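This report goes through a structure with more than one chain, element by element. Please keep the sequence and the model open while reading.

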Amino acid sequence: MTLNVTINGEPADIDARTVLALLEERGVDPEARGVAVARNGAVIRRADWSETALADGDALEIVKPFSGG
Amino acid sequence: MPDELRSTAEDRLTIADEHFSSRLLIGTAGYPNQQVMLDALGESGAEIATVSIRRISLEGYAESMVDLLKSYRLLPNTAGCETAKDAVLTAELARESLETDWVKLEVIGDRETLYPDVEGLLQAADQLVKSGFTVLPYCNDDPVTCRKLADLGCAAVMPLGSLIGSGQGLQNPAAIELIVSRSPVPVILDAGIGTASDAALAMELGCDGVLLNTAVAKARDPVSMAGAMRDAVAAGRAARRSGRIPRQSRAEPSSPQLGLIGS
C-alpha cells in the first residue's frame, strides 16, 4: 500500500516508510552533503532519517543549498 | 603615524566573536557560469559567501555548493520568504544542511520591491536568536528597526542601500550614517551597490562591511569587478579610519602663499 504525501509542494504516492527510504526511492543520495529534510514543518535530523516513520498526508520538504545573494 | 593606522593589519571585522580580514561579503548567484563565480569570489578576497536553500529538483542535481565553497564561511539566506514561519523553517533547514547557525535573515514584505516586512523580520529574528542562531538580518535603512534587531540579539544589522539588485547605490546616506552612529552591533550595508564608489561610500560612512552580489555577478567582467569591490571596501575603510577633512564652503590654497614670482 502506498502513502499519499506531499513532497516539495507536489502530491506523491510513495512506497517508502521512512525518510531514508524516501530519499532512496526518489533518487536523492542520502550521503550527499547539504541535503536537509523537514516533515510537517519540523526539521528531521540526518541521524534520525532511518527511524523517522512517514504517515499518510505528510508534507515533506527536501532541500539543499543553491547559489544565493 | 597615528595608532589607528598602524593597527590596520589587525583591523578585522568581528561578528559574533568571529574575526574576518575582509570586510566584503559576497553572493554566489547570477554569474555567467560556475567558474566565473568561483574566480570572482577568489578575486574579491571575501571570506563570507551567501547561499540560498531551495527544494531539490528530484530529477537529479548538480555539484554541491558545500563542496565548491568549502574555503568560505557560508551564510545561508532566507531569501524569498514572506512570513516569519517560512523564514524560521528555512533557517532551521539551512542549519541542518550546512551545519552552521549563521543565517542572513530575510522576510520579504513586497515581491516587487523586495522590501523587508519589519514586523515579520522582528518576529523571526526573536525566534531564531532564542533558538541559538547567529542572525544577520537584511533590514530597512531605519535606525529604529536596526536598534530593535540589535536589542533582540542579532549579531549584526544589514540595512539596504537601495532596492535589491537595483544598482542604485546608497539612496539615503544620512540614514546609514545615523544607523552606524547608534548601532551596538556591526552594520553591513546590504543591497543596492552598483559600482565600486558605492561600496567605498558605505565604508566611508562607517559601515563595518558591505554585502553585494549583482554588482559583481552581472558586471561585464565579474572577476575584474570583484577586485574593484575588494579595493573599494579597503579604501573606504582606510579613509574612514584616517578621518576625512571637514567640508567647507570656501577655497583654501594647498600651496605656500609666500614666494610667488612676480610679487
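The text below covers the contact between the chains, then strand pairing, helix packing and backbone angles.

## Contact between chain A and chain B

The model is predicted. In it, 23 residues of chain A are in contact with 28 residues of chain B. On the chain A side, strand 3 (36-39) and strand 5 (59-67) are the elements that give two or more residues. Strand 5 of chain A supplies the largest share, seven residues. Sorted by class, the chain A side has ten nonpolar, seven polar and six charged residues.

Strand pairing also links the two chains: strand 5 of chain A and strand 4 (residues 48-55) of chain B pair in the antiparallel sense over five bridges. Two positions can be picked out along this pairing. A:Pro65 stands opposite B:Ile53, and A:Val63 stands opposite B:Arg55.

## Strand 4 of chain B and its partners

Is strand 4 of chain B mostly covered or hardly covered? The strand is mostly covered, with six of its eight residues buried. Besides its pairing with strand 5 of chain A, strand 4 of chain B has partners within its own chain. Strand 3 (residues 24-27) of chain B runs parallel to strand 4 of chain B and is joined to it by three bridges; here B:Gly27 stands opposite B:Thr50. Strand 5 (residues 73-76) of chain B is also parallel to strand 4 of chain B, with four bridges between them, and B:Ile48 has B:Arg73 as its bridge partner.

The table lists strand pairs from both chains.

| Strand pair | Sense | Bridges | Opposite residues |
|---|---|---|---|
| Strand 5 of chain A, strand 4 of chain B | antiparallel | five bridges | A:Pro65 and B:Ile53 |
| Strand 3 of chain B, strand 4 of chain B | parallel | three bridges | B:Gly27 and B:Thr50 |
| Strand 4 of chain B, strand 5 of chain B | parallel | four bridges | B:Ile48 and B:Arg73 |
| Strand 7 of chain B, strand 8 of chain B | parallel | two bridges | B:Tyr138 and B:Met158 |
| Strand 1 of chain A, strand 2 of chain A | antiparallel | five bridges | A:Ile7 and A:Glu10 |

## The sheet of strands 6, 7 and 8 of chain B

Three strands of chain B form an open sheet in the order 6-7-8, with parallel pairing. Strand 6 and strand 8 (158-159) are the edge strands, each pairing on one side only. Strand 7 and strand 8 of chain B are joined by two bridges, and B:Tyr138 stands opposite B:Met158 in strand 8.

## The hairpin of chain A

Strand 1 and strand 2 of chain A form a hairpin with two residues between them. The strands are antiparallel and share five bridges, and A:Glu10 in strand 2 is the bridge partner of A:Ile7. Strand 2 (residues 10-14) of chain A is hardly covered: none of its five residues is buried.

## Helix 5 of chain B

Helix 5 of chain B (residues 118-130) has 13 residues, which at 1.5 Å a residue should span 18 Å; the end C-alpha atoms are 18 Å apart, so the two values agree. Its buried residues are B:Gly120, B:Leu121, B:Leu122, B:Ala124, B:Ala125 and B:Leu128. These buried residues pack against helix 4 (84-98), strand 6 (102-105), strand 7 (134-139) and helix 6 (143-152) of chain B.

Helix 4 and helix 5 of chain B pack at an angle of about 35°, with their axes 9 Å apart. Their crossing is right-handed. Helix 4 contributes B:Ala84, B:Ala87, B:Val88 and B:Ala91 to the contact, and helix 5 contributes B:Gly120, B:Gln123, B:Ala124, B:Gln127 and B:Leu128. By class, this contact has six nonpolar, three polar and no charged residues.

## Residues with positive phi

Most residues other than glycine have a negative phi. Where do the exceptions lie? A:Asn8, in the turn of the hairpin, has a positive phi of about 50°. A:Asn40 has a phi near 50° and lies in the loop between strand 3 and strand 4 (42-44) of chain A. This residue counts as exposed because it has 12 C-beta neighbours inside 10 Å.

In chain B, the phi of B:Glu99 is near 55°. B:Glu99 is in the loop between helix 4 and strand 6 and is exposed, with 12 other C-beta atoms within 10 Å. A glycine with positive phi, near 90°, is B:Gly132, which follows helix 5 of chain B.

How values were computed. Residues numbered from 1 in each chain as written. Chains lettered and ligands numbered in written order. Predicted model: local features only at pLDDT ≥ 70, side-chain atom pairs only at ≥ 80, totals over all residues. Expected span 1.5 Å × (residues − 1). Buried ≥ 20, exposed ≤ 12 C-beta atoms within 10 Å, placed from the backbone. Contact = placed C-beta atoms within 7 Å. Nonpolar A, V, L, I, M, F, W, Y, C, P; charged D, E, K, R; others polar. Pairing = 2+ DSSP bridges. Axes fitted to C-alpha atoms, helices over the stretch in contact; angles between N-to-C directions. Left-handed = near helix turned anticlockwise from the far one by under 90°.
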